[in-house]
Amino acid sequence: MSSPEIAGLARENRMIVDAHCDTLSVIVDKGRLFHCETREGHLDLPRLLRGGVKVQFFAAFVHPQFRGGYLRRTLTLVDAFYRRVASPPGVAVILGNNDLEHVLDGGPDRLGALLAVEGGEALEGSIAVLRTLYRLGLRCLGLTWNGRNELADGVGEAGTGGGLTAFGRTVVAELNRLGILVDLAHISERGFWDVLEISAAPVIVSHANARSRCDHPRNLTDAQIRVLAARGGVIGITFVPGFVHAETPCLERVLDHIEHVVQLVGPDCVGLGSDFDGFPGRLPGLEHAGRLGNLAAGLEKRGFAEPEIDKILGGNLLRVLKQVLTQ
Ligand SMILES: [Zn+2]
């Protein structure tokens with residue numbers, strides 16, 4: 001076994017929360033297995049447990065190619081979440097704070113699986129659909145992907161200056177009321193400010209990095225990070241190579257993003273949102289979920305204190321989840 005994984009094993013007691021992966025899509029489209037070690041892509045149950053992950057968000061990503069059938073696609077991914085991800089023994093669906101406590105207090109082999117939707121297209125313009133998805137277990141909604149939908153403009157439409165629509169405002173209010181996390185990854189900057197203005201609950205940006213460390217439109221500016229922190233929100237630092245570094249994306253550059261956010265606003269606003277299985281290739285040092293222990297080791301090496309490391313790897317996202325979940 002390589003030394004990076006030994007570092008991971010030594011830190012098994014850490015509670016890692018990962019706010020984004022695209023594994024549901026590869027389960028449905030490529031027949032990926034979840035409950036056994038596959039060596040494919042980035043993530044399966046054995047690798048999550050080896051990496052110390054306690055809560056994993058699973059995004060039902062509604063790709064634009066499913067126009068005309070967004071809800072059917074969403075429900076297909078939700079079906080995979082229950083049949084393929086949440087079915088092995090030791091995996092519990094996170095619906096409320098009780099489930100969260102149960103997973104955190106349980107044995108070392110327990111994983112909490114949280115159902116997310118990436119792209120408000122899934123609602124097909126209907127609040128009734130949103131309420132029904134909540135009953136199906138939805139606890140985190142990414143308002144947009146890169147394009148425009150009924151809720152808001154995504155980052156790919158930032159040139160229009162468009163933010164939240166009237167329907168988008170209604171959706172945010174209903175998410176707040178129901179106790180569903182608002183996720184602002186992929187939204188246009190105008191949309192980001194609109195939501196921060198009206199959301200009654202703290203929001204997350206599930207998978208993005210710091211623009212001042214890597215100038216990519218999907219990454220947040222320092223001004224955005226400051227307001228996100230002031231409102232009690234969390235940015236999930238992501239491993240998508242193009243968002244990490246233009247030339248040499250790797251573990252050390254991921255640590256740079258974490259360090260930047262902590263220097264900017266303190267240790268309470270940073271979390272993780274790997275985007276595992278959502279990008280091709282592998283990031284050196286964080287090749288798959290089994291290597292997540294390298295993050296703790298890297299933060300230790302950079303002089304972060306234990307309580308800070310615990311917040312960054314999971315504590316901050318757990319804080320927001322506990323605030324938002326109503327059950
Ligand atoms: Zn994404």
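Welcome! Start by selecting helix α2, residues 23–30, where Thr-23, Leu-24, Ser-25, Val-26 and Ile-27 are buried. As you look around, keep in mind that this is a predicted model.

Now show the neighbours of that helix. What do the buried residues of α2 pack against? Add β2 (53–61) and α4 (70–85) to your selection, and you have the two partners in view. Then step just past the end of α2 to Gly-31, which takes a positive phi of about 70°.

Next, pick Phe-58. Leaving aside residues up to four places away in sequence, Phe-58 touches Thr-23 and Leu-24, two of the buried residues of α2. Other contacts of Phe-58 include Cys-21, Phe-81, Val-85 and the run Ala-113, Leu-114, Leu-115 and Ala-116.

Zoom out a little. The largest nonpolar core has 101 residues, and Phe-58 and Ile-235 are the ones that touch the most other members. Select helix α13 (residues 306–324) as well: this helix gives the core its largest share, eight residues. In soluble globular proteins, nonpolar side chains tend to be buried together.

For the last stop, go to Trp-145, in the loop between β5 (138–142) and α7 (166–178). Is Trp-145 buried or exposed? Trp-145 counts as buried because 21 other C-beta atoms lie within 10 Å, and the cut-off is 20 or more. Show Glu-118, Gly-119, Gly-154 and His-186 too, since Trp-145 touches these residues, not counting those up to four places away in sequence. Finally, add His-63: it sits 82 residues from Trp-145 along the chain, yet their C-alpha atoms are separated by 8.1 Å.

Terms used. Residues numbered from 1 in each chain as written. Predicted model: local features only at pLDDT ≥ 70, side-chain atom pairs only at ≥ 80, totals over all residues. Helix = DSSP H or I, 4+ residues; strand = E, 2+ residues; numbered from the N terminus. Buried ≥ 20, exposed ≤ 12 C-beta atoms within 10 Å, placed from the backbone. Contact = placed C-beta atoms within 7 Å. Core = buried A, V, L, I, M, F, W, Y, C linked by C-beta atoms within 7 Å.
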